[in-house]
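Good morning, and thank you for coming. I would like to take you through one chain, beginning with its overall layout and then turning to its individual helices.

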Amino acid sequence: MAEESPKRRKANFNEAETEVLIEQVLKHEQLLFAAGPGRASPGQKRKVWELIRHKVNPVAACPRDVEDLKKRWRDLKRRDRSKLCRLSQGCGPPGPPALGLLLDPEEMPPAAAPPA
């Protein structure tokens, strides 16, 4: 009987991977997260996540699968909400994610940059 080696964790997401992930998810946000009668089917969402995976993997430290990307996106949203909560000192219902708290001003797309 062969001994199984313990499962090793993947490398942390690097800055480039996170940047591409945020850019691509925001680009396809309507398809991925829209609710209501006009929302995308699970098959369409899976294709979009695969497209995002193909964009992230060339800059990735190690190959990422769709589940890794979804988890990273959830973690980024959670971290953003906790920052909003700490900033406002009132942990009420979370609003839409504020991209400005995830990225530095020079990293933000021009349309999303706050006025100086």
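Read along the sequence, the pattern of the chain is α-α-α-α-α. That is 5 helices and 0 strands. Please keep in mind that the model is predicted. The average pLDDT of the chain is 81, and 72% of the residues score at least 70. Among the elements, α3 has the highest mean pLDDT, at 96, while helix α5, residues 99-102, has the lowest, at 54. Where pLDDT is low, the predicted coordinates should not be read in detail.

Some totals for the whole chain follow. Of its 116 residues, 27% count as buried. The chain exposes about 8,600 Å², and carbon and sulfur atoms supply 55% of that area. Among the contacts with a separation of 6 or more, 56% are between residues 24 or more positions apart.

Let me turn to the interior. The largest nonpolar core has 14 residues, and those that touch the most other members are L21, V25, W49, I52 and L69. At least two residues of this core come from each of α1 (15-27), α3 (42-56) and α4. I52 may serve as an example: leaving out residues up to four places away in sequence, I52 touches L21, Q24, V25, H28, L32 and L69.

I continue with α3. Its 15 residues, at 1.5 Å a residue, should span 21 Å, and the end C-alpha atoms are indeed 21 Å apart, which agrees. Which residues of α3 are buried? They are V48, W49, I52 and V56. Seen down the axis of α3, the buried residues fall within an arc of 100°, so they line one face of the helix. As a general point, an α-helix has 3.6 residues a turn, so residues three or four places apart point the same way. The face of α3 turned away from the buried side carries the exposed residues R46, K47 and H54. The cover over the buried residues of α3 includes α1, α2 (29-33) and α4.

Next is helix α4, residues 66-88. With 23 residues at 1.5 Å each, α4 should span 33 Å; the distance between its end C-alpha atoms is 33 Å, in agreement. The buried residues in α4 are V66, D68, L69, R72, W73, L76, D80 and C85.

Two of these, R72 and L76, bring us to T18, a residue of helix α1. Is T18 buried or exposed? Its relative accessibility is 10%, so T18 counts as buried, the cut-off being under 20%. Apart from residues up to four places away in sequence, T18 touches F13, R72 and L76.

Finally, I would draw attention to V59, in the loop between α3 and α4. V59 counts as partly exposed because its relative accessibility is 33%. Which residues does V59 contact, once its neighbours within four places in sequence are left aside? The contacts are with N14, A16, E17 and V20. For one of these, A16, the C-alpha atom is 6.4 Å from that of V59, although the two residues are 43 residues apart along the chain.

To close, I return to the core: α1, α3 and α4 each supply at least two of its residues, and I52 and L69 are among the members that touch the most others.

Notes: Residues are numbered from 1 along each chain as its sequence is written. This is a predicted model: local features need pLDDT of at least 70, side-chain atom pairs count only at pLDDT 80 or more; totals for chains, interfaces and linings use all residues. Side-chain values use heavy atoms; hydrogens and water are left out. Helices (H or I, at least four residues) and strands (E, at least two) are DSSP runs, numbered from the N terminus. The expected span of a helix is 1.5 Å times one less than its number of residues. Buried means under 20% relative accessible area, exposed over 50%, partly exposed in between (1.4 Å probe, protein chains only). A nonpolar core is a set of buried Ala, Val, Leu, Ile, Met, Phe, Trp, Tyr and Cys residues joined through side-chain atoms within 4.5 Å. Contact means heavy atoms within 4.5 Å. pLDDT is the predictor's confidence in each residue, from 0 to 100. Accessible areas come from the Shrake-Rupley method with a 1.4 Å probe; for residues, only the protein chains shown count as cover. The arc is that of the directions from the helix axis to the C-beta atoms.
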